[in-house]
Amino acid sequence: MNPLITAAASGLLALFSMYWDDSLHTDVGRDTFWSAPHMLLYGSLGVTLAGTAWWALGRIRRQGLRAAAADPLLRWPIVSAASIGISAPADAAWHTAFGRDAVLWSPPHLLAIIATFALAITLLRAIAEEGGGWPMVLGGGLVLAASLAPVMEYESDVPQYSAVWFLPVAGAGITLAVVLIRRFDPHPWAVTRAAVVVTAVRLAVIPVLAALGHSTPIVPPVLIVALAADLVRRWRTSPWWLALTVPLAVHAAYLPLLPVLPHGTTVAADQIVPSLLVALGGSALVVLAAEGLPRTRLPLIRTAGLALAALTLALPLLSAGRAAAHDPGQGTEAGEAHWRATVNGSRIAVTVAPESNTSSRAALVARRAGQKVTAPLASSGDGAYRGSITVPESGRWFVYADFHDAGMSTTETWIPVEAGSSQRIHEARPLYVPPAPQKDGAGRTAATVVLYGLAAAILLAVARSGRRASLSAAA
């Protein structure tokens with residue numbers, strides 16, 4: 001079998017394992033390195049990298065070492081593999097130096113996501129160089145699927161930040177994917193074909209995760225966005241039209257569906273206008289980074305607007321440091337706690353019975369998308385604690401019971417609940433000593449700058465990759 005086809009198919013399997021791992025963290029919590037989704041992820045990435053390396057070695061044999069050394073396409077497998085290789089130890093070192101960090105947009109995690117996207121683009125370019133054909137559909141699908149990885153938690157209703165960032169980040173990723181798919185795949189429906197692959201893969205992911213008893217992500221309506229992008233291309237060929245088309249299509253497709261799709265993060269009515277404005281600025285920045293300035297000179301007001309949009313889009317990354325509302329990262333286990341919870345709309349009533357309890361006080365905490373709601377837990381005298389809490393919006397909340405003893409040590413336990421529903425929960429969950437909070441300081445700031453800078457440099461290089469060749473071909 002063509003090693004590039006194997007590599008692309010394995011890349012899609014790796015993306016599936018990311019959603020599997022995400023759902024496992026949501027429903028169960030911290031898992032081990034040897035968990036099934038981790039093994040599938042690392043194995044799939046290994047096959048993808050091996051297939052890419054096999055193709056690169058064949059290209060080197062055909063060209064000879066001297067010509068291969070000057071081949072820009074052969075540099076990208078090295079860049080992609082090195083970036084993925086750096087991200088894993090960087091993540092481990094980050095946790096060791098600064099404490100647990102469960103944020104998807106943390107520096108080492110974002111570096112891994114961008115490295116995976118770079119690898120997807122490398123495969124698409126390689127398939128195009130080898131003659132294209134139907135494997136281009138698979139390569140384009142991998143690129144589009146990888147572009148949605150940064151909003152994986154929004155797609156599974158475990159947002160760590162405000163929902164206002166959901167569609168702008170999705171729109172920026174889709175815009176970049178569309179630009180690059182068009183650059184390397186001349187088919188008039190290239191983006192739509194890629195979207196069909198993404199939709200089919202996601203439709204396959206959902207029943208598998210449901211059969212395993214885990215939460216499921218949404219099926220993103222990217223097919224509607226892709227059709228809009230391809231249709232507009234038949235009318236206007238300039239990539240700058242994507243800066244308008246994609247954000248509008250994303251909002252038109254996602255907003256009506258998110259409230260009815262299971263486990264989709266809903267964008268509130270008062271967030272729609274800010275979301276659209278940020279999305280328009282984000283997509284414009286993506287096109288600017290990928291294609292440069294249009295041939296006509298940009299007016300000063302639009303240039304200033306792009307700069308302002310850049311600063312606005314930087315805010316979620318600058319604030320990406322802590323989150324305790326998803327993948328809490330349990331510390332040392334200290335027994336079990338038995339939960340009984342009843343969800344009735346926005347009100348969550350709980351009874352929690354921790355093992356070996358010596359607590360002098362307890363509290364109930366609900367977290368979602370940077371929001372934190374607290375309420376007391378009162379001892380009932382039989383070793384159990386009872387309390388209730390009212391949350392401000394529907395969706396998945398992570399409800400914690402915190403126990404403090406006289407020596408000021410803390411243990412905690414948590415459950416995920418679906419606010420806005422009628423739900424009864426009765427289960428045992430781990431009771432654990434939570435990890436120490438992240439450490440601030442110059443070292444953490446420097447590491448953040450270095451890792452974000454490396455990720456940004458790779459992303460910019462990916463956005464510009466192959467542009468000269470495409471311009472020469474067009475000329």
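Contact here means that heavy atoms lie within 4.5 Å of each other, and the model shown in these views is a predicted one.

**View 1. Helix α11 and the helices that cover its buried residues.** Helix α11, which runs through residues 242–257, has 16 residues and reaches 22 Å from its first C-alpha to its last, close to the 22 Å expected at 1.5 Å a residue. Its buried residues include L242, A243, T245, V246 and P247, and further along the helix A249, V250, H251, A253 and Y254 are buried as well. Among the elements that cover these buried residues are α8, α10 (222–235) and α12 (272–291).

**View 2. The crossing of helices α8 and α9.** The axes of α8 (residues 166–184) and α9 (residues 190–211) come within 9 Å and cross at roughly 120°, which makes α8 oblique to α9, because an angle that is neither under 35 degrees, nor over 145, nor from 65 to 115 counts as oblique. This crossing is right-handed. On the α8 side the contact is formed by V178, I181 and R182, which meet A190, V191 and A194 of α9; these residues divide into 5 nonpolar, no polar and 1 charged.

**View 3. Helix α14 and the glycine just after it.** Helix α14 spans residues 442–464, and its 23 residues reach 33 Å from the first C-alpha to the last, close to the 33 Å expected at 1.5 Å a residue. The buried residues of this helix are R444, T448, L451, Y452, A455, I458, V462 and A463. An α-helix has 3.6 residues a turn, so residues three or four places apart point the same way. Just after α14, G466 takes a positive phi of about 75°.

Terms used:
Residues numbered from 1 in each chain as written. Predicted model: local features only at pLDDT ≥ 70, side-chain atom pairs only at ≥ 80, totals over all residues. Heavy atoms only, no water. Axes fitted to C-alpha atoms, helices over the stretch in contact; angles between N-to-C directions. Helix = DSSP H or I, 4+ residues; strand = E, 2+ residues; numbered from the N terminus. Left-handed = near helix turned anticlockwise from the far one by under 90°. Nonpolar A, V, L, I, M, F, W, Y, C, P; charged D, E, K, R; others polar. Expected span 1.5 Å × (residues − 1). Buried < 20%, exposed > 50% of the residue type's maximum accessible area, 1.4 Å probe, protein only.
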